[in-house]
Structure formats: C-alpha cells, structure tokens
Amino acid sequence: MANISVLGAGSWGTALAVLLCKNGHKVTLWSYRNDQTEELRRTHKNESKLPGVLLPEKLIYTSSIEEAATGKDLIVFAVPSKATRKTALNFKPFIHNQKIITVAKGIEEDTLMLQGEILEDVFKDEATVGVLSGPSHAEEVVLLQPTVVVIGSKDRNLCVFAQELFMNDSFRVYISPDIRGIEIGGSLKNVIALAAGMADGLGFGDNAKAALITRGIKEISNLAIAMGASSETLAGLSGIGDLIVTCESRHSRNRRAGVLIGQGMKMQEAMDKVAMIVEGVYSAKAAKALGEKYGIELPIIEEVNRILFCDADPRESVLSLMKRDKKSEISAPDWD
Ligand SMILES: NC(=O)c1ccc[n+]([C@@H]2O[C@H](COP(=O)([O-])OP(=O)(O)OC[C@H]3O[C@@H](n4cnc5c(N)ncnc54)[C@H](O)[C@@H]3O)[C@@H](O)[C@H]2O)c1
C-alpha cells in the first residue's frame, strides 16, 4: 500500500483519488478551498464535479499543504494547468526527494513551459517528475469503464512505480520516456477540440470533424517532432487517442466552448457559459508562439487564435483553411 496525495479536488483529481483508493492505497485529496474540503468530508460526494458518485469511506480530505505533502510516496498534481506553478510554489518548502506525477494539460503562456517542465523548474532536484495523459474522461473512469493511458517520465523507475499504483482491470497504463511528446499532444488537442466544437456549432458534419482531427494531429505532430518528440507518441494514446476523445465527446469542455463560439458567442461568453476553465483558450496562444519559435506552420491553430483573440468569423476561418495553397499530403512525395 502506497501513501499518495492528489492535489486538486476537481473532476479529474477526485476520479483519480477514487481509483487509487480502490487500488488499496492510502489516499489524501487536497483542495485549496477549506469549504470544499469540509463538504467532501461531510457528504462523501463531489456533487458539482462527479454527480451521483459516492466517494470511498477511506479517502482522506485536507486543505493543509503540509499534511498533503509530508511522507507521501507519490504526489499527483491535478489542479488546472493555470494553477500548477502557484500550487507548486506553495508546496515547495515541503517537497524533498519526492516522486510527482502531473495530470494537467496546458502550456504556460509567458514561459511556454509544459506542466512537467513547470514542476521541474519549481522543485529542481527535489522532485522526479512524470506525466499521466491519454483519452480519459473522469466521468467514465469513476464508473470503472475501460480506460487506457500513458505515464511518461525521463525516469524509468518513476514510470514503473506509478504504473503499478494506477493500473487495475479497468485502468490500463503504458509507460514511455517521451514526456515532451505526451505533454504537447495533451495540451494542443484542446485547441483542435475548440475548432471541432466550432465546426459542430456551425452545423458542419462528420467530414469536417474527421478533417480537423487528421489535419490537427498532423499540425500537433509537426510541432512536437520539431521540439524533439517521437512520432510514435503522437500516433499513440496521448496524441491521436486524446484528440479523438476530446473532439468527439460530450464531456469535453473545450469542444463545448467551441460549439458555443461556432453558434455565434464570443470567447468570454462561451467560457462563462461552460463555467469551467477552458484550457484550450490559453494553450492556443502558447501553441501559436511555439509554432513561431520552431518555424512550424499551424494553420488550424492560427485560425483558432484569430477567432478567439481577433474576432474573426469562424465561417470565414473555415473558408480560409479550405482555400489554402494546393499541397501534397505527404511531405516528401515520391511519384516513382
Ligand atoms: N476532467 C477530466 O476528465 C480530465 C481528464 C484528463 C486530464 N484532465 C486535466 O486535469 C486538470 C484538472 O481538470 P479537472 O477536470 O479536474 O478540473 P475542474 O475544473 O473539474 O477542477 C479543478 C479543481 O482544481 C482546484 N483549483 C482551481 N483553481 C485552483 C487554484 N488556483 N489553486 C489550486 N487549486 C485550484 C479546484 O479544487 C477545482 O475543483 C486539467 O488540466 C485537465 O485538463 C482532466
């Protein structure tokens, strides 16, 4: 039995805490809000995030940073990506020789760092860092529906250790050293999911969605490979796998926000209506900056940025994607 803390009592943090608890571990779920911790402790439910789910009796709740950080075999960062650095800085005084896994998805706007890089930046040599990613909606994981993810870290021992803790008959875990590829796939799929939602909101059909998914993974792959990732990762669970689920699923908040924008709402209105952090909006800007930094063309991501931040009309953006220069699908065509 391992002693594990999960930071962030949102949908994903709570679902993973339930999973780890069911796997027989001692699990502490930390929330930055005292009132949320008290409610969880009192009701054994996280009704606003996972309606109808009864949380295990053994789950421990706290808002104390010291309690959540001390003596843990593993700490899971499940706060929204925008809160990762701040949370890490608050935990820093208590983190020594610690194994950490982040499950958040997003790129920091001003530094262009991925989640694992932020944790390494804050904790330096005091932590070994990994990521967990893949097609995994919290709502399905708590219902023990078959889910397959990947854990990545430069440290093989951390991968194997975390794989052992998370894996069970309904939750299968692969491991990989390609943390960068995993994180780029996980972050940029939210931007493409916004576009897929916009296509739905505009009333387009399956053809448009399939085109966005396939050309979207091409963009993500081009950028990720330029940043040193493996193409296999982008063809894997955290790449095409997560992109498909996010572009298709009714659970995806990024897709939902995209639908509202496609139907005519402005970005802020759509975010307010979804009432959750729409990480794709922040990752869109960062992705565009990364494309410029690495000299990679990202046409769909460019158009999403124009819609979100320059008031472009989604219908015009579709037209401008359709009217791009004629191209070959293969980068080095060989007609012989
Ligand atoms: N929900 C999923 O199914 C799912 C699956 C895979 C990955 N993720 C990723 O996990 C991360 C968390 O997602 P979620 O769905 O649980 O989010 P959520 O919106 O359901 O909840 C986020 C929780 O984080 C906490 N929080 C909010 N602001 C905070 C702050 N400033 N400091 C500390 N804690 C704060 C709150 O307790 C809040 O309930 C995201 O990066 C998301 O992309 C989510």
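Modeller: A polar contact is a pair of N or O atoms within 3.5 Å; within protein, one must be able to donate a hydrogen and the other to accept it, and residues adjacent in sequence count only if both atoms are side-chain atoms. This is a predicted model, where local features need pLDDT of at least 70, side-chain atom pairs count only at pLDDT 80 or more, and totals for chains, interfaces and linings use all residues. Residues are numbered from 1 along each chain as its sequence is written, and side-chain values use heavy atoms, with hydrogens and water left out.

Colleague: What makes the pair between the ligand and Glu279 a polar contact?

Modeller: A ligand oxygen is 2.5 Å from an N or O atom in the Glu279 side chain. The limit is 3.5 Å, so the pair counts. For the Arg253 side chain, the distance from a ligand oxygen to an N or O atom is also 2.5 Å.

Colleague: How much of the ligand does the protein bury?

Modeller: The protein buries 87% of the 820 Å² that the ligand exposes alone. Accessible areas come from the Shrake-Rupley method with a 1.4 Å probe; for residues, only the protein chains shown count as cover.

Colleague: Why are β1 and β4 called paired strands?

Modeller: Pairing needs at least two DSSP bridges between two strands. Strands β1 (residues 3–7) and β4 (residues 74–77) share 4 bridges, so they pair. They run parallel. Strands here are DSSP runs (E, at least two residues), numbered from the N terminus.

Colleague: Which residue of β4 stands opposite Val6?

Modeller: Val76 does.
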